[in-house]
Amino acid sequence: MSVWQLLAVGLVMLLGLLGVLVPGVPGQAIVWAAVAWWALTDTTPLAWGVLAGATAVLLLNLALRPLLPARRPAESGAPRRTLYTGGAAGIAGFFLVPVVGGPAGFLGGIYGAERARLGSHRDGWASTRRVMRAVGTPVLVELFACLLVVGAWVGALLWG
């Protein structure tokens, strides 16, 4: 696969990660499609293994989705940019501190945005808890599953 194709696959995956944060956009499907595109072009056993693992992780996430609370953004009282800030921090955190940095960055981004908006630690933390109850948990689980898939793809590129 050429460098330009790998860059295009990476951009599609980034689009899928951002799509997880936007209601109505099938972020998981976009990430899976990018992995499938890569695996169908680069037909090595490693690529097929990453595709099989990605399929398993994303199907497990889809199976667990009904067990999670529904997304209710209106109940949190926070603006959408708070969730976008948390998502961007989660994506950055995942690659800065592999695996553990994803959830920590997501929570930290939401807390930072809410503290800046509300002005105090107490109000920021209370709002972070409300956001996580109303919207954050299902988004965090879906984002983390997609980040694991993207991380496996990056790992396969680096060490494969």
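# A walk through the helices

Start at helix H6: among the things that cover its buried residues are H5 and H7. Before you click further, keep in mind that this is a predicted model.

**Stop 1: helix H6**

Select H6 and look along its length. This helix has 18 residues and reaches 25 Å from its first C-alpha to its last, close to the 26 Å expected at 1.5 Å a residue. Which residues of H6 are buried? Colour Gly101, Gly102, Gly105, Phe106, Gly109, Ile110, Tyr111, Ala113 and Glu114, and you have them. Just past the helix comes Gly119, and its phi is positive, near 95 degrees.

Now zoom in on Glu114, which sits in H6. Is Glu114 buried or exposed? Its relative accessible area is 0%, and anything under 20% counts as buried, so Glu114 is buried. Show its neighbours too: leaving out residues up to four places away in sequence, Glu114 touches Ala78, Pro79, Thr82, Gly119, Gly124, Ser127 and Thr128. You've met one of those already: Gly119, the residue with the positive phi after H6.

**Stop 2: the nonpolar core**

Next, select Met13, Leu17, Val35, Trp38, Phe106, Val139 and Leu143. Of the 36 residues in the largest nonpolar core, these touch the most other members. The elements that each give two or more residues to this core are H1 (3-21), H2 (27-41), H3 (45-64), H5 (80-96), H6 (101-118) and H7 (121-159). Which helix gives the most? That's H7, with 14 residues. Here's some background for this stop: in soluble globular proteins, nonpolar side chains tend to be buried together.

Stay with Met13 for a moment. Setting aside residues up to four places away in sequence, Met13 touches Val31, Ala34, Val35, Val150 and Trp153. Val35 is, like Met13, among the core residues that touch the most other members.

**Stop 3: helix H2**

Follow Met13's contact with Ala34 and you land in helix H2. Select the whole helix: H2 has 15 residues and reaches 21 Å from its first C-alpha to its last, close to the 21 Å expected at 1.5 Å a residue. Its buried residues are Gly27, Gln28, Val31, Ala34, Val35, Ala36, Trp38 and Ala39. What do they pack against? The partners are H1, H3 and H7, and we'll visit each of them below.

Take a closer look at two residues of H2. Ala34 has 0% relative accessibility, so it counts as buried. Apart from residues up to four places away in sequence, Ala34 touches Val9, Val12 and Met13. Try the distance tool between the C-alpha atoms of Ala34 and Leu6: they are 28 residues apart along the chain and separated by 9.8 Å.

The other residue is Thr41, also in H2. Thr41 is partly exposed, with a relative accessible area of 35%. Leaving out residues up to four places away in sequence, Thr41 touches Met1 and Gln5. From Thr41 to Gln5 it is 36 residues in sequence, but 9.4 Å in space, C-alpha to C-alpha.

**Stop 4: H2 and its three partners**

A tip for this part: two packed helices are described by the angle between their axes and the distance between the axes.

*H1.* Show H1 and H2 together. Their axes come within 7 Å and cross at roughly 165 degrees. That makes H1 roughly antiparallel to H2. H1 passes H2 in a left-handed crossing. Residues making this contact include Leu6, Val9, Val12 and Met13 of H1, and Val31, Ala34, Val35 and Thr41 of H2.

*H3.* Swap H1 for H3. The axes of H2 and H3 come within 9 Å and cross at roughly 165 degrees, so these helices are roughly antiparallel to each other. This crossing is left-handed. Among the residues that meet here are Trp32, Ala36 and Leu40 in H2, and Trp48, Leu51 and Leu58 in H3.

*H7.* Finally, bring in H7. What is the angle between H2 and H7? They pack at about 15 degrees, with their axes 10 Å apart. That makes H2 roughly parallel to H7. H2 passes H7 in a left-handed crossing. Select Gly27, Gln28, Val31, Val35 and Trp38 of H2, then Glu142, Cys146, Val149, Val150, Trp153, Ala156 and Leu157 of H7: these make the contact. Val150 and Trp153 should look familiar, as both are touched by Met13.

Note on methods
Residues numbered from 1 in each chain as written. Predicted model: local features only at pLDDT ≥ 70, side-chain atom pairs only at ≥ 80, totals over all residues. Heavy atoms only, no water. Core = buried A, V, L, I, M, F, W, Y, C linked by side-chain atoms within 4.5 Å. Buried < 20%, exposed > 50% of the residue type's maximum accessible area, 1.4 Å probe, protein only. Helix = DSSP H or I, 4+ residues; strand = E, 2+ residues; numbered from the N terminus. Contact = heavy atoms within 4.5 Å. Expected span 1.5 Å × (residues − 1). Axes fitted to C-alpha atoms, helices over the stretch in contact; angles between N-to-C directions. Parallel < 35°, antiparallel > 145°, perpendicular 65-115°, else oblique. Left-handed = near helix turned anticlockwise from the far one by under 90°.
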